[in-house]
Amino acid sequence: MDTMRDRFVSVTSKLLDEDHRLAVVLAEITMDGFRPARQRHPDRVINVGIREQLLIGVGGGLALTGLRPVVHTFASFLVERPFEQVKLDFGHQGTGGVLVSAAASYDWPAGGFTHMAPGDVALLDTLDGWTVHTPGHPDEAEELLRHAYAAGDDKVYVRLTAQSNSAPRPVGDLRFQTVRTGSAGVVLAVGPLLDEVLAATEGLDVTVLYAATVRPFDEAALRAAAGRAAPEVVLVEPYLAGTSAAAAGQALMDVPHRILPLGVGRAELRRYGTMEEHTAAHGLDAASLRQRISGFLR
């Protein structure tokens, strides 16, 4: 099966041929995949080199000319390093574009902490008006990328990862989906952690919701699920633990409730190991999740 990043290259290259408003800005990362598209569209596939602040600035400038910029590199270099440019060149200038990341929270542990970005979604949460997609399968990534490219002049972040669920789910309406129903509580699984959550909650009397789009946060779906079950909510996110706790609390502000936020911890894991080992170390594998969820619901 191809990866989300593979799918990003293929679908974007195809749409460059079809949509003359689309432009891609790169900072070396994934440049090899876009070489054929660059040969066809040298004016709309731009490589700025390892200059991430310029990467965002060029994207914002292209948006001012009426193009729909697609700006891509690793998440740590796309959101964290040039954050001031994201804030000003898109937000302050009132422009729109699509930021497409790779490497996620810890996809490439051998790259070290410089290539990890568990805080990217939390950082974007400090800004207004960003839609955030967190696909859990390459098919979902393609669908959400197409949606993002066609979304007028909106500001959209598409968070791609090497992690993947075994099967895609329909994500076109951008709403939280009910995957399993129960009465003891609600577990919200985000993106590529759905399979782990389903394995962890097998046999437990809980409702499982699935989110491939986390901003805007689907308050109505969480309220409805909590209304049908006990208002005990577990958030399982593939980035910084607690990123969506405030949004979930806002959704349930008129309902007495408890929230257990699970995700990537703040401590730096210096034994880089493998992606699977990081998932387990952060307590996001099925066995750890079952223990933490069961303990909370008791």
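The turns below go through the sheets, helices and selected residues of this predicted model.

User: In what order do the strands of the open sheet of 7 strands stand?

Analyst: The pairing in this sheet is mixed, and the twist from one strand to the next averages 20°. Its edges are taken by β2 (45–47) and β10 (213–215), each of which has a single partner strand, so one side of each is left without a neighbour in the sheet. Read from edge to edge, the order is β2-β1-β3-β4-β6-β5-β10.

User: In which sense do β4 and β6 pair, parallel or antiparallel?

Analyst: Strands of a sheet can pair through backbone hydrogen bonds in either of these two ways. Strand β4 covers residues 97–102 and strand β6 covers residues 155–159, with 5 bridges between them, and within this pairing Val 98 of the one stands opposite Val 156 in β6. The sense of the pairing is parallel.

User: What angle does the direction of helix α7 make with that of β4?

Analyst: Helix α7 (residues 138–149) packs on the sheet and touches β1 (22–26), β3, β4, β5, β6 and β10. Another helix, α5, lies across β3 (68–74), β4, β5 (130–133) and β6, and runs at about 150° to β4. For α7, the angle with the direction of β4 is about 155°.

User: How many ångströms apart are the axes of α1 and α7?

Analyst: Helix α1 (residues 4–18) packs with α7 at an angle of about 35°, and their crossing is right-handed. The residues that meet include Phe 8, Val 11 and Leu 15 in α1, and Ala 141, Leu 145 and Tyr 149 in α7. The separation of the two axes is 9 Å.

User: Why can the buried residues of α5 be placed on the same side of the helix, and what arc do they cover?

Analyst: The buried residues of α5 are Phe 83, Val 86, Asp 89 and Phe 90, where buried stands for under 20% relative accessible area. Because the directions of these residues around the axis are confined to a limited arc, they are put on the same side of α5. That arc is only 150°.

User: Which residues is Asp 89 in contact with, leaving aside its neighbours within four places in sequence?

Analyst: Asp 89 belongs to helix α5, which covers residues 83–92, and is one of the buried residues of that helix. Its C-alpha atom is separated by 23 Å from that of Pro 42, a residue 47 residues apart from Asp 89 along the chain. With those sequence neighbours left aside, the contacts of Asp 89 are Ile 56, Gly 57, Gly 60 and Thr 95.

User: Which are the edge strands of the open sheet of 5 strands?

Analyst: This sheet has the order β7-β9-β8-β11-β12, with mixed pairing, and its twist averages 25° from one strand to the next. Helix α12 (residues 286–297) packs on the sheet, where it touches β8, β11 and β12, and its direction makes about 165° with that of β12. The strands that pair on one side only, and therefore form the edges, are β7 (177–180) and β12.

User: What is the hand of the β-α-β crossover from β11 to β12?

Analyst: Strand β11 (residues 232–240) and strand β12 (residues 258–264) run parallel and are joined by 6 bridges, with Leu 240 opposite Val 264 in β12. Between these strands the chain passes through helix α10 (residues 245–251). The crossover is right-handed.

User: Which residue of β11 is the bridge partner of Ala 189?

Analyst: Strand β8 (residues 186–190) runs parallel to β11, and 4 bridges join the two. In β11, the bridge partner of Ala 189 is Val 236.

User: Against which elements do the buried residues of α9 pack?

Analyst: In helix α9 (residues 219–228) the buried residues are Ala 221, Leu 222, Ala 225 and Ala 226. Seen down the axis they fall within an arc of 125°, so they line one face of the helix, while Gly 227 and Arg 228 are exposed on the other side. The buried residues pack against β8, β9 (207–211), β11 and α10.

User: Does Glu 276 count as buried or exposed?

Analyst: Glu 276 lies in helix α11 (residues 275–281), and its C-alpha atom is separated by 32 Å from that of Glu 84. Its relative accessibility is 54%, and because the cut-off for this class is over 50%, Glu 276 counts as exposed.

Definitions and conventions
Residues numbered from 1 in each chain as written. Predicted model: local features only at pLDDT ≥ 70, side-chain atom pairs only at ≥ 80, totals over all residues. Heavy atoms only, no water. Contact = heavy atoms within 4.5 Å. Axes fitted to C-alpha atoms, helices over the stretch in contact; angles between N-to-C directions. Right-handed = clockwise from strand over helix to strand, strands pointing away. Buried < 20%, exposed > 50% of the residue type's maximum accessible area, 1.4 Å probe, protein only. Arc of directions from axis to C-beta. Left-handed = near helix turned anticlockwise from the far one by under 90°.
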